[in-house]
Each structure stands twice: as C-alpha cells, then as structure tokens.
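Reader: I have a structure open in front of me and would like to talk through its strands and its interior. Could you walk me through it?

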Amino acid sequence: MVHGRTVRDFWCGASGEKRTRGVLAALGFFSAALLPACSGCQVEIERSTATHADGLYRHLLVGGTEPDGAFVLALHERAPGDEELVLVSLAEGEKRTCSLGKAAWYTTLQPQPPWYGDDEPSVDPRPARILTLEGDIGAKSGDLLIFDASCVERMRVPSVEGWLWPLYGAQGKHVGYAARTTSGKVVTIDPWAGSVHTIAENVSFSTYMLDKFWLIEGGSVVVRDRDGKTLQTAGSGVTELATYSGDQVAYVDAKGLWVLKLGDPEPTAIPTAAAPCKPEYFYTGSIQLAYRDDCAAGVLAVRDLTTGDTRVLSDKVTSTRFRYDPSMSWIFFEREEPGKKRELWAVPGAGEPVLVGTNPRPNWYPGRSAAGFLFDLDHDGAAGTLGTWTLEGGFSPLLENSAGSWGGYTDHFAAFADVQEDVGTLVVYDRNTLAEALRIPRVHSSTPTFARQVAALGYVHDWDDALGEGTLGVWIPYNGQQIDVDTGVTEFTEIFWPEPGILYAVRAPERAGLWTAYPDL
C-alpha cells in the first residue's frame with residue numbers, strides 16, 4: 001500500500017471460549033465463516049495499558065518483517081502545522097520511535113492476513129524497507145528516500161514523479177518497485193540491493209501489468225519486459241493506450257484506433273466514424289473494447305474483439321462502467337446534454353440501453369445486492385437517494401440524503417446519510433434482505449471500515465467537531481454486539497501480525513498517543 005491519504009483497515013473477532021489471542025491468526029479468513037455458529041457469544045476487547053508512543057498522530061500504516069518485528073508509520077505533529085513521519089515499534093514492552101523526516105507519501109511491506117489454504121499471516125523474511133517521497137503532503141514529485149527500520153537512509157532516487165508500481169517475482173514475492181522520474185525515465189528499484197535500473201527514457205505515459213511495461217515512448221507504443229528489453233513497438237503520435245491481460249494493447253494515434261496483440265507483426269485497425277479516444281477493455285465471456293467512436297461528440301461504441309461485431313450505444317457519453325456476471329454482462333454509462341440532468345443508462349447483455357435514472361453520484365459505481373444494483377441517484381453533489389435498480393422493477397429508494405455506500409467481507413453493506421462537515425449517520429443493511437441492521441449517529445465519514453480478517457465493522461462515533469475526536473466502536477454482525485473500545489480516538493487501523501488486533505490514535509490531551517487493543521479469544 002502506498003500511503004498519501006488516510007486508509008483504515010480494521011479487525012475484531014468473536015468467540016464464546018477463553019483462548020489465547022493468537023488462535024485467530026491461524027484461522028485467518030476462514031474465521032468469518034465460524035462466527036455464525038457463535039451468534040450468541042459475547043466479545044471482550046482488551047486495551048493496552050500504556051501507549052506505544054505519546055503525542056498526536058495520523059495516517060497510520062502498519063508494517064513489519066520477521067527481522068524487525070511489527071511497527072507503524074504515522075505523521076507526528078511536532079507543533080501545530082509541523083509534522084514529520086515517524087516509525088513506532090509495536091513490540092510489546094518496547095517504546096521506540098525514530099524520525100523519517102518530511103514525507104508526501106510513504107509505503108512499506110505489510111504483513112498480510114492468512115488466505116485460503118494458509119495457516120499463518122504472510123510476513124516478509126527480509127529487513128524492512130520504508131519508502132518515502134520527500135516533501136509535504138500533496139507534493140506530486142520529489143526525491144524517493146529508502147530507509148531501514150532504524151530510520152537510517154539506505155538510498156535516494158532523485159526526482160521521482162507520481163506513485164510506485166510494486167514488482168513481484170516467483171510465488172508472489174515482492175522484489176522491488178518501478179517509478180517514473182520527472183525527466184521522463186522509467187526505472188526499477190531494488191530497495192534491498194540498493195540498485196536502480198533504467199527501463200526507458202522519453203516516456204510520456206507508463207503503466208505496468210503482468211511483468212511488462214506498456215509505454216508511450218517518443219510518441220510510439222513500446223512494450224518492454226522487466227529488464228527493459230523491447231518486446232514490441234507500434235504507432236506514431238500515440239496519445240493514449242489501454243492494456244488487457246498482459247498480452248494486448250489498444251491505442252489511439254494520429255491515424256486512428258488500433259489493437260496490437262503481442263507477437264503479431266502488425267496492429268489491427270478499428271474503424272471509427274471520426275477521431276476516436278478513451279479505449280477501455282472489459283470482459284463479457286469474450287474480450288470487448290469500448291471506445292468513443294467520435295470523441296468530440298462522445299459517441300460510445302463497443303466492439304467484440306473475437307467476432308468483430310460492433311455496436312454504437314449513445315452519444316454525449318461522459319463515463320462508463322462494466323460488470324460481468326455469469327448470467328449476464330452489463331455496460332453502464334453516463335451521458336449529459338447541455339442544460340439537462342445527467343442520465344445513467346444500463347445495457348444488459350446484447351440488449352438495448354435502458355434509462356436507470358438521473359444525476360448519479362459523481363464517481364458512481366454499480367454496487368450489488370440480492371435485490372439488484374445499488375446506485376445513488378438525484379445527487380446534488382453532496383447527497384442523493386440510495387436505492388436498488390433492476391431491469392424489471394426499475395429504481396426502488398432505500399435511503400434519502402445518502403452520501404454513498406460500500407461493502408466488505410460480510411453479508412452487509414454500509415451507507416452514510418445526513419452528512420454535515422464529514423459527520424453523519426452510519427446505516428448498515430443486510431445485503432440479502434435489505435433490512436436495516438445498524439444505525440449509528442455522529443460517525444466521522446472517514447472512519448467506518450469493514451474488517452479484512454473477520455466479519456466486523458469499526459467506526460468512530462459520538463464525534464466532537466471541536467475536539468476532533470470520538471469513540472472507537474465495533475459492530476459484530478453475527479451477534480449484533482456493539483462494543484465501545486476507547487474514547488478520544490481520531491482514527492484506527494488493523495493489525496494482522498504477530499497477533500490480530502487494532503491500532504488507534506487518541507487525541508485527548510491526557511492520553512494522546514498510539515494505543516492497541518486485542519480481542520480476548
């Protein structure tokens with residue numbers, strides 16, 4: 001994870017027996033399936049008796065490796081308006097902090113929860129490496145600094161721009177990163193060997209997929225392997241590209257729209273009515289390419305790349321989304337005519353477009369429930385009406401004044417309503433029945449997070465705008481229990497290793513610092 005904003009994960013578990021806390025680490029993802037059998041059990045969560053570090057912290061990112069143990073990276077307020085990135089050890093009984101200086105964003109290797117077939121969390125056996133972009137939050141470029149867990153600078157890569165791509169080797173091992181510099185170079189970085197390798201120069205666009213770099217290099221599409229070897233080139237005056245499954249690319253150049261399959265001697269021209277743009281791949285049982293057949297008019301076309309069949313769906317299209325289900329594929333698009341409401345349309349399989357509603361939420365996405373797709377419609381820029389939509393029944397309102405909804409590893413999804421200055425009412429619904437399962441007022445909108453390890457939801461409620469803090473709460477769907485963990489909390493995140501738990505920041509002056517809590521299992 002690259003951290004330039006607040007991202008919060010959460011964990012909590014339930015059991016009716018008294019067991020050691022480490023038991024659930026071995027259960028991992030499967031523990032979610034065990035919770036319904038314990039629907040009447042009560043959960044206790046034990047707070048730490050002392051802080052891991054004193055002071056004010058935000059943007060928590062938990063990392064850890066076998067040699068260095070678990071730690072957290074966080075922005076520490078030295079004085080109002082003056083923050084530094086610090087590393088805080090999470091080792092029991094060790095109160096150790098060191099400074100990493102100013103950081104616009106930062107990342108490190110994170111222990112991961114057990115997945116299917118695994119018995120233990122995944123923890124890297126190498127020494128930790130912390131990567132930071134030197135500068136203040138919001139900076140788009142700067143020197144990339146690489147530190148060890150003692151906050152000693154190990155290497156520096158000058159003038160890196162944007163985010164990093166993680167590089168993986170055999171069996172998913174993290175072997176390094178790729179980055180683009182402000183001078184237009186694409187480089188790979190091995191933070192353990194301390195090496196930097198140039199892949200390409202004069203790059204105006206770059207992406208990485210399945211061990212290949214897909215570049216616009218000197219105005220041409222250039223595909224390179226991870227060592228920088230050229231695999232294929234095409235086009236002239238290329239302005240944009242899209243890739244699919246690591247073996248083909250669609251691109252727009254001065255002559256039109258093209259599809260190039262790796263290994264083919266020449267690209268295939270895609271006929272268009274006018275100057276095209278915005279190629280996007282999606283899958284419906286066969287590979288499809290969506291694009292604007294006439295970019296100026298916003299004409300959306302879809303081509304089946306297996307059969308060559310092409311459909312023109314609508315003009316004045318501003319955005320698209322795609323959903324593939326084994327029973328039917330869906331295309332959703334938004335169109336807008338000057339002076340009129342924005343329209344959201346759905347295309348079921350090979351059918352014709354059907355109007356879903358108007359003024360969808362910005363950055364809309366077709367969420368799923370047993371009762372149909374989830375949308376926020378009649379949105380005024382701040383809130384709208386959350387409801388379900390089906391082809392047969394149309395739109396059915398569920399929640400007024402909704403600011404958005406999201407799901408997690410549970411049979412529930414959450415929504416926010418009546419939000420004012422980032423504080424509103426958290427409402428949780430059963431995904432299958434749409435029954436309301438939970439309603440909590442005065443929750444800060446950035447805090448609710450479904451757990452990754454078990455079915456649970458964390459949030460900070462009773463938010464005090466003046467103090468900028470609230471009460472950390474936990475809801476467990478399978479027994480309906482609501483647990484207040486601590487007060488004076490600003491944010492929290494999930495701990496996977498060496499034992500599952502919660503790390504959270506407290507702002508209350510008499511207790512300000514980083515605290516942990518663990519379920520009593």
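Author: Happily; the questions below go through sheets, hairpins, cores and single residues, and please keep in mind that this is a predicted model.

Reader: Let's begin with the sheet of seven strands: which strands stand at its edges?

Author: The seven strands make an open sheet, ordered S31-S32-S33-S34-S35-S36-S37, with antiparallel pairing. An edge strand has a single partner, so one of its sides is left without a neighbour in the sheet. Those at the edges here are strand S31 (367-369) and strand S37 (436-444).

Reader: By how many degrees are neighbouring strands of this sheet turned against each other on average?

Author: Direction is ignored for this value. Averaged over neighbouring strands of the sheet, the turn is 40°.

Reader: Inside that sheet, which residue of S34 is the bridge partner of glycine 387?

Author: Strand S33 covers residues 384-390 and strand S34 covers residues 394-407. They run antiparallel and are joined by six bridges. Across from glycine 387, the bridge partner in S34 is proline 397.

Reader: Now the sheet of four strands: what does its twist average from one strand to the next?

Author: This open sheet has the order S19-S20-S21-S22, and its pairing is antiparallel. Strand S19 (240-244) and strand S22 (268-270) are the edge strands, each pairing on one side only. From one strand to the next, the twist averages 25°.

Reader: And which residue in S21 stands opposite valine 249?

Author: Strand S20 (residues 248-253) runs antiparallel to strand S21 (residues 256-261), with six bridges joining them. In S21, the residue opposite valine 249 is leucine 260.

Reader: How many residues does the hairpin between S27 and S28 pass through?

Author: Strand S27 (residues 317-324) pairs with strand S28 (residues 329-335) in the antiparallel sense, over seven bridges. Within this pair, phenylalanine 322 faces isoleucine 331. The hairpin joining S27 to S28 passes through four residues.

Reader: Aspartate 293 caught my eye; which side chain of opposite charge is nearest to it, and how far away?

Author: Aspartate 293 lies in strand S24 (residues 287-294). Beyond its neighbours within four places in sequence, aspartate 293 has contacts that include Pro271, Thr272, Val299 and Ala301. Aspartate 293 is buried and yet has no salt bridge. The nearest side chain of opposite charge is arginine 303, at 8.3 Å.

Reader: Turning to the largest nonpolar core, which strand supplies the largest share?

Author: This core has 18 residues, and Ile45, Leu472, Val485 and Tyr504 have the most contacts inside it. Strands S39, S40, S41, S42 and S43 each supply at least two of its residues. The largest share is four residues, and it comes from S41.

Reader: How many residues does the second core have?

Author: This second core is separate, and among its members are Val62, Val86, Val123 and Ala505. Its residue count is 17.

Reader: Is isoleucine 502 buried or exposed?

Author: Isoleucine 502 is in strand S42, and one of the residues in contact with it is leucine 472. Its relative accessibility is 2%, and the cut-off for burial is under 20%. Isoleucine 502 therefore counts as buried.

Reader: Lastly, how many Å apart are isoleucine 502 and alanine 350 in space?

Author: In sequence, isoleucine 502 and alanine 350 are 152 residues apart. In space, taken from C-alpha to C-alpha, their separation is 47 Å.

Conventions. Residues are numbered from 1 along each chain as its sequence is written. This is a predicted model: local features need pLDDT of at least 70, side-chain atom pairs count only at pLDDT 80 or more; totals for chains, interfaces and linings use all residues. Side-chain values use heavy atoms; hydrogens and water are left out. Two strands pair if DSSP finds at least two bridges between them. Axes are lines fitted to C-alpha atoms, for helices over the stretch in contact, and angles run from 0 to 180 degrees between N-to-C directions. Buried means under 20% relative accessible area, exposed over 50%, partly exposed in between (1.4 Å probe, protein chains only). Lys and Arg count as positive and Asp and Glu as negative; His and the chain ends are not counted. A salt bridge is a side-chain nitrogen of Lys or Arg within 4 Å of a carboxyl oxygen of Asp or Glu. Contact means heavy atoms within 4.5 Å. A nonpolar core is a set of buried Ala, Val, Leu, Ile, Met, Phe, Trp, Tyr and Cys residues joined through side-chain atoms within 4.5 Å.
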